[in-house]
Every structure is written in C-alpha cells, then in structure tokens.
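User: Please take a close look at the loops of this model and at the annotated positions, describing where the residues are placed and what surrounds them.

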Amino acid sequence: MVITIAGGGSTFTAGIVKSIALRREELEVDEIRLFDINKERQDKVAVVVDWVLHKELNTDIKLVVTTDVQQAYTDTSFVFAQMRVGGYAMREQDEKIPLRHGCVGQETCGCGGMAYGMRTIFPMIKLIDDVEKYAKKDYWILNYSNPAAIVSEACRKLRPKARIINICDMPIAIIDVVAAAMGIQNKKEIVYDYFGLNHFGWFTSIQYHGEDLMPKLRAYIKENKILLPESYLKGMGALTSSSSQNRHTKGSWYYVWKGEYEIMENFPEYLPNTYLNYYLQAKEFVEHSDPNHTRANEVEETREKNLFDGIDHYLKTGEVDANTFYAGSHGDWIADLSAALKNDTKARFLIITENRGAIPNMPYDAMVELPAYIGKNGPEVIARDNIPLFQQGLMMQQLNSEKLLVEGCVEGSYEKVLQAFTLNKTVPSMSVAKAILDDMIEANKGYWPELH
Ligand code: G6P
Ligand code: MN
C-alpha cells in the first residue's frame, strides 16, 4: 500500500512518517511518497524522513520524493494533506494585517483565517481532482490543511463526492492536556463528547472509565487559573517536541490556555476549544499582541529553525539530534485514523463533517465538528440533541461568515467577501472590515481569486 503526504516539506512530516512506520504491520504500507511544490524545502525534510525510515526504524518502506502530481498519486491509497499555501511569509501577513487595524490577527481565526482560506480553497480542489485522477478508486484523503473550517466547506460545496475526511488535532491536544492535568496515563481511554465548528467548539463531557471528569476539571482550572498542568509549564508535556520546548507554554499559545480559565469563570458548563478565545476575548488578545512579532515569527524562530539547523548539522557531521527532527504529536492519531479506515475498526474520532441533522438546530449543510465511528466506508457520525442558544448563536454567525467567504471566492464577489469579513465576530464594524480586506487583497496578489 502507498501513502502520499501532500505538503511533504512541512516541519511535521518526519513525525507523521514515524507514526505511519510504527504502524506498518497494521497499515501494510510499503511505500511512502512525499509531494510538495517547494522542491528545495521538501528535499531537506526528506533527509530526515529517510533517516527515520531507514536508519532509526530500519524499515524496508520505499521512500519516493517528488514534485510531480502523477508520480505522487498514482495508485496511492491514502493522501495525508497538509498544505500551507503561501508558507510562513503569508501566515505573517494574515496575522499582522488585522492587528494593524486593531483586530485579531491569527492563522485560522478572524480575518487572517479568511485570508488563508481564500488562498487554500482552489489548491485544495486541485488536489482532490489530481487524486481522483490517479489514485486507487477507494482512496481516502485525510485533510488537515488549514483553515479546516473554510477548506472543508469549499470541498463540500465544490466536490461533494470526494472521499475526504477533514480533521484537526486541537481537541486531541486539549485531551492530552486534560489527561496530564488529571494524572491519567492512558489518554486513549478518555471518551469525550464535543460539538462545534472547526476551531470553534466545546467539550460537553469528558469521561474516564465511566467517571465524569468535568467537576474535577472545573475545580482544577479554578484553582490553577490555567488549564496547562505543571508538567507542561516545565516543558515536558506530550504536546512538546523537545525541539520547540513545548510550544503551548509560550507566546500566543500561553494566552489561549490561560483563556480557558477566563472563559470557564463565566461559562463553566462546557470546556471550550482554545480557539474560542480569539472570538470571546478578541479585545484582550489584541491588547497583548505585538503587531511586529506574531506567532509566525515565533514558529520561524523555533520549530522551523531547529529542524533546518538539525538537518544541516546531520548532513555536515552525520550526528543526529532526534529532538530537532520531530514536531507535533498529531501524526499518531492521523495514522490511527487511516488504520481505522483501512481495517474497519469503528474507532471513535472527532471529525469535520456535513451536519445532515446530527445537530438538529444547526443547518443541514453546515460543516460541523462531531464525534464519529470510523470504518472502511467512512464516518458514522454520532447525532446529538439541540445545542444551547449561546453556542448556537455564535456558531451560526461564524458559519455564515465562512459560507459567505466560500461563496464570495467561487463567484469572485467582493461584496460577499466583505459581508464575510463584516459578519465575523472579531471585526467591530463594516469600515474596519473593508480596510482589512483591501489591505489583504494587495498582500494576496497572485494567491487570491479576483474579486469584482
Ligand atoms: C493546532 C491547530 C492547528 C494549527 C496549529 C498551529 O495544532 O489544531 O490547526 O495549525 O495548532 O500551531 P503553531 O505552532 O504553528 O502555531
Ligand atoms: Mn486545527
């Protein structure tokens, strides 16, 4: 079986390949292909991938590194899609332009997320078409390209038949933190319920061996005034690659974990996704942001630098500092997800999927994030009851903003895109929306569809 990683030049690729290789029996994988449009970057990352596959784990999995779509996708069974259109240079613009106008500047939320969405929609559609053309008929695309909410809405609208599952690691990262805070080793035995849109949702229950952890968790957050446990703050948590020395304890990430406490002080019933901070505490986020130094800069100075320095060092000396080679922990469950699809395990995962009545008081065609059992025919989504008005209202505003953005892109409509920006909760008025949009049109020349 062949697995293709689209966006092979990502800093996360080595960790993902390692997770695949560790499950090589289950997945029966004999070939891994890296595909990227940036040859130089991918060739460097491939050095590490080769080391992981053939030195560290000593497997006989074949590695193919290519910039050619036909070679990348021919007869492939799984495509792990992780494209970052415009790279970190454009992420920086997404974060800095809104901040200059006093609004949240973030990779996937607010205007930054919408800008990134407008760059990513059509490359993602092209990816689907390429895969359809060359891959095995029963292929699966596991897509975690951001902004997942907007990207998945575009895929639903434009390629409804594609065999694609959109996923995000944030809820799992939160469960990792919950497990550490509650002293639970076996985090895979935690069962949770959750509803929302991507980067816009809530845990409604978290159970371990049948025990409801929510009361303990509320007490923990109240006492510590942050969700991150000591072990994380000391830089030892499961989310860390030692290279980034626990990214979640630093800079902008630190604030969103602290924000969990602030939100829970007012609305203690459900545990919010960390990303809700950008909407519910937009003003505070802007106040503690530095418009000249944002998360994109932090990443470039840490995860990016460590990896590429580590590769250079390896090439010069033959010495490996494996710590610099691995970032992120999401490879594990992405590989688990592909194993569930392949082996029909019906394991439970959180996925982004068309609602189709699963949340009765959200539109039928909303792309929502819900738990599902995963088997060879795809997800069987777990339906729930109506959701409360507060969450439903927030979600409807966000959903309609995302839908208008996708419609605006497809139709090339300036008016609809401006409506999307104006409707977003992070934007205080129409004139601010327009000023940000106009700056973003300039910055995204060559990436965005033309708007009329
Ligand atoms: C989480 C989210 C991803 C996002 C990432 C950014 O994992 O689920 O969607 O891309 O954080 O992390 P970074 O370290 O690049 O800011
Ligand atoms: Mn995500």
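Analyst: Pro-363 is a convenient starting point, sitting in the loop that runs between strand S11 (347-354) and strand S12 (367-375), where helices (H or I, at least four residues) and strands (E, at least two) are DSSP runs numbered from the N terminus. The model is a predicted one, in which local features need pLDDT of at least 70 and side-chain atom pairs count only at pLDDT 80 or more, whereas totals for chains, interfaces and linings use all residues. Residues are numbered from 1 along each chain as its sequence is written, while chains are lettered from A and ligands numbered from 1 in the order in which they are written.

Pro-363 is partly exposed because 17 other C-beta atoms lie within 10 Å; a residue is called buried with 20 or more other C-beta atoms within 10 Å of its own, exposed with 12 or fewer, and partly exposed in between, the C-beta atoms being placed from the backbone. Although 36 residues separate Pro-363 from Leu-399 in sequence, their C-alpha atoms are 9.6 Å apart.

Turning to the annotated positions, an unreviewed UniProt entry gives a "binding site" that covers Arg-91, Asn-146 and Arg-295; such positions are in the numbering used here, feature names are shortened, and annotations may be inferred rather than shown by experiment. Asn-146 belongs to the loop between strand S5 (140-143) and helix H7 (148-158), and it counts as buried because it has 22 C-beta neighbours inside 10 Å. Apart from neighbours within four places in sequence, Asn-146 is in contact (C-beta atoms, placed from the backbone, within 7 Å) with Glu-107, Thr-108 and Tyr-116. The peptide bond from Asn-146 to Pro-147 is cis, with omega about -10°, and Pro-147 lies in the loop between S5 and H7. Arg-295, by contrast, is placed in helix H14 (residues 295-317); Arg-295 is buried because 22 C-beta neighbours lie inside 10 Å. When residues up to four places away in sequence are not counted, Arg-295 touches Glu-95, Glu-107, Gly-251 and Ser-252, and Glu-107 is thus contacted by Asn-146 and by Arg-295.

The unreviewed UniProt entry also places an "active site" at Asp-169 and Tyr-275, which are spread over 107 residues of sequence but cluster in space, the largest C-alpha distance being 12.0 Å. Asp-169 is in the loop between strand S6 (164-166) and helix H8 (170-181), and with 19 C-beta neighbours inside 10 Å it counts as partly exposed. Beyond residues up to four places away in sequence, Asp-169 touches Tyr-144 and His-330. Tyr-275 is in the loop between strand S10 (271-272) and helix H12 (277-280), and counts as buried, with 24 C-beta neighbours inside 10 Å. Its contacts, leaving aside neighbours within four places in sequence, are Cys-109, Met-170, His-199 and Phe-200.

Two further loop residues deserve mention for their backbone. Most residues other than glycine have a negative phi, and most peptide bonds are trans. His-209, in the loop between strand S8 (200-208) and strand S9 (211-212), has a positive phi of about 50° although it is not a glycine, and His-209 is exposed because it has 10 C-beta neighbours inside 10 Å. Lys-225, in the loop between helix H9 (214-224) and helix H10 (230-233), likewise has a positive phi, near 60°; with 12 C-beta neighbours inside 10 Å, Lys-225 counts as exposed.

Terms used. Two residues are in contact if their C-beta atoms, placed from the backbone, lie within 7 Å.
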